[in-house]
Amino acid sequence: MGIAGLWESRQEGDALRYSFSMLTINADTHPVMKLMHEPGEEKRMVVVLDPDDYGDWLHATPENAFQWLRQYPAERLAAEPAPRERPKSLDLF
């Protein structure tokens, strides 16, 4: 799975520092991602890249990078609730 992001490196004294960010988009209308987070809060999802797009993304210009800022198809995602922790009071042994 590839996630669109931005990164930079810079020299700070003797050290080379890196910073990066994963790009996210609004997902209020996405069939899967709209179910995430608290009700009433904006829903966000990372920008998922198809493997065929990795090279193009890495060489994208600011002018053509927007073509990848789209919701990833819900039918290509899998989601399930996280298991709830079992209360210690139920442990009998």
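Is R17 buried, partly exposed or exposed? In this predicted model, R17 comes out as partly exposed, with a relative accessible area of 41%; that puts it between the 20% and 50% cut-offs for buried and exposed. The residue belongs to strand 3, which covers residues 15–22. Once neighbours within four places in sequence are set aside, R17 is in contact with E8, S9, R10 and E12.

Stepping back to the whole chain, the protein has 6 strands and 1 helix. The strands come one after another from the N terminus, and the helix closes the series, giving the order β-β-β-β-β-β-α. As for overall dimensions, the C-alpha trace spans about 60 × 40 × 30 Å along its principal axes. The radius of gyration is 19 Å, whereas a compact globule of 93 residues would be expected to have one near 12 Å.

How much of the protein counts as buried? The figure is 22% of the 93 residues. The exposed surface adds up to about 7,900 Å², and carbon and sulfur atoms supply 56% of that area. On the charge side, there are 16 negative and 10 positive side chains, and the centres of these two sets lie 8 Å apart. Among contacts with a separation of 6 or more, 36% come from residues 24 or more positions apart.

Next comes the interior. In soluble globular proteins, nonpolar side chains tend to be buried together. Here, the largest nonpolar core has 15 residues, and the members that touch the most others are A4, L23, M33, M45, V47, L49 and W57. L23 makes a handy example: leaving out neighbours within four places in sequence, its contacts are A4, G5, L6, M45, V46, V47, W57 and L69. Several of these partners, including A4, M45, V47 and W57, are also on the list of best-connected core members.

M36 gives a view of a loop position. This methionine sits between strand 4 (24–26) and strand 5 (44–46). So where does its side chain stand in terms of exposure, buried, partly exposed or exposed? M36 is partly exposed, at a relative accessible area of 30%. Apart from neighbours within four places in sequence, M36 is in contact with K43 and A79. Y54 follows 18 residues away from M36 in sequence, and the two are 27 Å apart in space, taken from C-alpha to C-alpha.

How values were computed. Residues are numbered from 1 along each chain as its sequence is written. This is a predicted model: local features need pLDDT of at least 70, side-chain atom pairs count only at pLDDT 80 or more; totals for chains, interfaces and linings use all residues. Side-chain values use heavy atoms; hydrogens and water are left out. Helices (H or I, at least four residues) and strands (E, at least two) are DSSP runs, numbered from the N terminus. The radius of gyration is taken over C-alpha atoms; the globule rule is 2.2 Å times the number of residues to the power 0.38. Buried means under 20% relative accessible area, exposed over 50%, partly exposed in between (1.4 Å probe, protein chains only). Contact means heavy atoms within 4.5 Å. Accessible areas come from the Shrake-Rupley method with a 1.4 Å probe; for residues, only the protein chains shown count as cover. Lys and Arg count as positive and Asp and Glu as negative; His and the chain ends are not counted. The place of a charge is taken as NZ of Lys, CZ of Arg, CG of Asp or CD of Glu. A nonpolar core is a set of buried Ala, Val, Leu, Ile, Met, Phe, Trp, Tyr and Cys residues joined through side-chain atoms within 4.5 Å.
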